[in-house]
Structure formats: C-alpha cells, structure tokens
Amino acid sequence: MMQSLKQQWFGNVRGDILSGIVVALALIPEAIAFSIIAGVDPMVGLYASFSIAVIIAFVGGRSGMISAATGAMALVIVDLVVDHGLQYLLAATILTGIIQVLFGVFGIAKLMRFIPNAVMIGFVNALAILIFMAQVSHFLGEGYMTYVFIAVTLCIVCILPRFIKAVPAPLIAIIVLTAITFMFNIDLKTIGDLGSITQSLPHFFIPDIPFNFDTLVIIFPYALALALVGLMESLMTAQIVDDMTDTKSNKNTEARGQGIANIINGFFGGMAGCAMIGQSMINVKSGGRGRLSTLVAGVFLMFLILVLGNVVVDIPMPVLVGIMIMVSIGTFDWGSFKYLVKAPKSDAFVMLATVAVVVYTDNLAIGVVLGVILSSLFFVASISKVRIHQNNGTFIIEGPLFFASAQNFVRTIEEAKESNVTIDLSSSHLWDESAVGAVLKVVMKLEEQGKTVKVIGMNPASEKLYKQLLNVSSAH
C-alpha cells in the first residue's frame, strides 16, 4: 500500500511538476469561460478549479487525471443561478458532493460495464469536437496575427517534442510566445479579456440560504443532475486515461473523491466540477502520471492568481487556443473512420448518434445516455429473433425467450395442427416472467383445444423460474 502511494506521488516528480504547470496555465481561460457560461463571477470557476484539483489529488481514484470546473456542469446550473443566485448554487454543489459520495459507496462503477464501445468512441470524438468548437470564438474574426500565433503554437507543440523532451512543448510555447508579444508589443486577445482576476484566496463560509424543505426542493433536481453528469464524465475520462497510460483506477474511489471535492468546494465558494478530458489529455501528453501533477496544477493555479495575476492576464489567447486544438486533434479517435466501415451498422449508427447529440446539445450526459439506450434497443432487437423448427408436432425453439421474443413464440406455437405437441426448449432459455407466461399461455390454449402438450429440455435455471411462476399462477 505504502509503496503504491509512494509511486503515485513521487514516481514521476519532474514530469508531474512540469505537466502540472502547463495544466494550470490552461485551466485559467477554461475556468473563466465556464464561469461566464454559468452566469457567475470568474473567481467562482477559478476557486472551484483550485479546490477540486487539490482535494482530488488526495482522495481521487485515478492518479494523473485533472478535475476542475467544467463546461458540462456549467450548462446544468445556468437556470439555477438565474432564478435563485450564487448561494443556492453553492448549496447545490454541496448536495451534489453528498450524492456522489453515496453513489461511490453503493458502487456506481459497476454501471460502467453497460457502456458499449461504440458509445465510448462517440464520447471521445464528441469531446474532441467540443474542445475544438470552444476555441473558435477566440480566433474567428480576429486579426491575422492571431492565426499566425496559433500556427506557430501548433508547430511548436507538434515538432518540438522530437528534439526536446525534458520540458513540455506547451509550456515552452506559452513562455516564448508570451515573451514575444511583450517584446514587440503585439496586440492580441489575452486571458484578461475574458474576465477579471481577483488576487485573493478562497475562504470558508456556509451558503446563506434558508435551511428548509423548500430549499431542498429547489436544489435537489440540479444536484442530482450535476452528480450524474459529473460522475459520467469523470468515470469515462478515467477509463480513457486508463487506456492511454495502460494502468488501472478505482472508479468507486473516484466517485467518492469527486463527491468529497465538491462538498468542500461548495463551502469555499466554488461551482460544481468534475474530471476534465481536455486538461487530463494535456497532463498525460505533457508527461503527467501521478497525483503530484494534479496537486501541482491546483496549487500553481492559485499561485498564478495570487502572485502572477497581473502577468497571467496578459498571456495571449491564441497560444492557449493552439494548445487546445492540438489536444482536440490528439483526443479524436482517427481510427473511427475505419470503424464506421467495418463495424456492424447498428454500432456505427450508435457512435454517430452519440457524437451528433453531444455536439448538438453540448451535454455529454445526454449523448451517452442516448447512446446506451440505442445500443440496448439494437441488442434487444437482434436477440429477439427466435427460430422455431417444426417436425411432426415437435417444436424446437432456438434462441432466448424473453419479453421481446415471447409474442412471436406464442403466435407460431398456437397454430399447431397436431393433436400431440412437444415444445423442446433445450436450445433456448427462459429469461423473465414474459417468457414463462408465454409458455403457460400456449400450453393452456392448446389443452383447451383438446391437445396433449409436453414441455421438455428446460435447463435448471429455466425450470426453476418456470416452476416458481407456475406456482404463483396456480395460487391465483
């Protein structure tokens, strides 16, 4: 245990520190932008990013993953802020954390296995597209120097790692190009143009709201939505980082950690947050692997605000835009074009639908839930086709019997003309009450017609369910 913790904290010190610095610089414009989306002061997003990053470094289940204020969470709270204000948002953030802790305790990670690969691919590609689209407003309609700086940043981030591996290329790009704008007095959009930064630490306070049932009625729907969206994005991001680093993470611990971070964050004036796919990609691609990288990102973010706030606001946005464009390129699963051709049409459709819905709604949760529902419907449709072979009054059933295939089974068997009918279930399985009900219905209908009916070949599990429900039917 101690050896594992030591590895997570100090197994990659230099890489974690440098990558954490890069992430901190990239967090500032994101946090300010998400605060603007939510309709709150920029410091609410910055305080959230600091608090969540620092706390999750200690209590999270996935080392090297970055959590902070996010766009997905900001979209959920817009109406709450408009209708009730910041204090209710902070209360909802605390309640969000409590719900997430409960989800973690009760093992929400088990639900991850129900997310198909097609949905995961769609999730990743949608995120890549959203990351890119979020940058468009920062360069569209700007002067030609904006495009020059973006192009130069892309070149540095893409080419420099081939020659210099000791320092992350994004950090070099930020330092060098910021220095050039100062030296030559180049007029570019800066971080400061997004919103003002107050050079002060967050402080503890209890949200100023009535502690009664009416308040709970107001904040609970938002808190539940935030908890679900946050955990969905966090657990799927954790899975992506698992795959990128070829390591494992504890998803239930991560769920509890996200909850603890949001509870504390709410008491320090921050909006609800979760894992960030973009910043996590920056961290991993810059060499970050351990918990130290997440801690450094949070601590250095506050250092930038308190000590270098006047300098940070002058960092050119085109440089950060270029870095995020490279992140979107690296995040996109380019092999998915081949996947569309080779995968079953239903899987390809699910992947495209997930991407389309996420991009259209700007909501990751809606896209993923829809993708899972579509996959489930396609799966049910594919296995509901029961094959029935008839031979001299014997009906051999091939395929699972359940609610979706029961009707076809009944329709075929009840048309039997023979006086002696045998239903052979040796190549089938009774999965639910609908399946047993279908068999009982057919037997009763044929016997009413004076025919002799035998049911054979049930496996032990099917027979147990059949007898159990037969007894219930008999009792009524």
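Leu 25, Ala 26, Pro 29 and Glu 30 of helix 2 are in contact with Met 317, Leu 320 and Met 324 of helix 14, and this set of contact residues comprises six nonpolar, no polar and one charged. The structure is a predicted model. Two topics are taken up below, the packing of these helices and an open sheet of four strands.

**Helix 2 and helix 14**

- Two packed helices are described by the angle between their axes and the distance between the axes.
- For helix 2 (residues 13-38) and helix 14 (residues 317-331), the axes come within 11 Å and cross at roughly 105°.
- Because angles of 65 to 115 degrees count as roughly perpendicular, helix 2 and helix 14 are described as roughly perpendicular to each other.

**The sheet**

- The four strands of the open sheet follow the order 3-4-5-6, with mixed pairing.
- Strand 3 and strand 6 (452-456) are the edge strands, each of which pairs on one side only, and the twist from one strand to the next averages 20°.
- Helix 18 (residues 406-413) packs on the sheet, where it touches strand 3, strand 4 and strand 5 (420-430), and its direction makes about 175° with that of strand 4.

**The hairpin of strand 3 and strand 4**

- Strand 3 (residues 387-391) pairs with strand 4 (residues 394-401) in the antiparallel sense, over five bridges.
- Arg 387 stands opposite Glu 398 in strand 4, while His 389 has Ile 396 of strand 4 as its bridge partner.
- Two residues lie between the strands of this hairpin, in which Asn 392 takes a positive phi near 50°.

Methods:
Residues are numbered from 1 along each chain as its sequence is written. This is a predicted model: local features need pLDDT of at least 70, side-chain atom pairs count only at pLDDT 80 or more; totals for chains, interfaces and linings use all residues. Side-chain values use heavy atoms; hydrogens and water are left out. Axes are lines fitted to C-alpha atoms, for helices over the stretch in contact, and angles run from 0 to 180 degrees between N-to-C directions. Angles under 35 degrees count as roughly parallel, over 145 as roughly antiparallel, 65 to 115 as roughly perpendicular and the rest as oblique. Contact means heavy atoms within 4.5 Å. Ala, Val, Leu, Ile, Met, Phe, Trp, Tyr, Cys and Pro count as nonpolar, Asp, Glu, Lys and Arg as charged, and the others, Gly among them, as polar. Two strands pair if DSSP finds at least two bridges between them.
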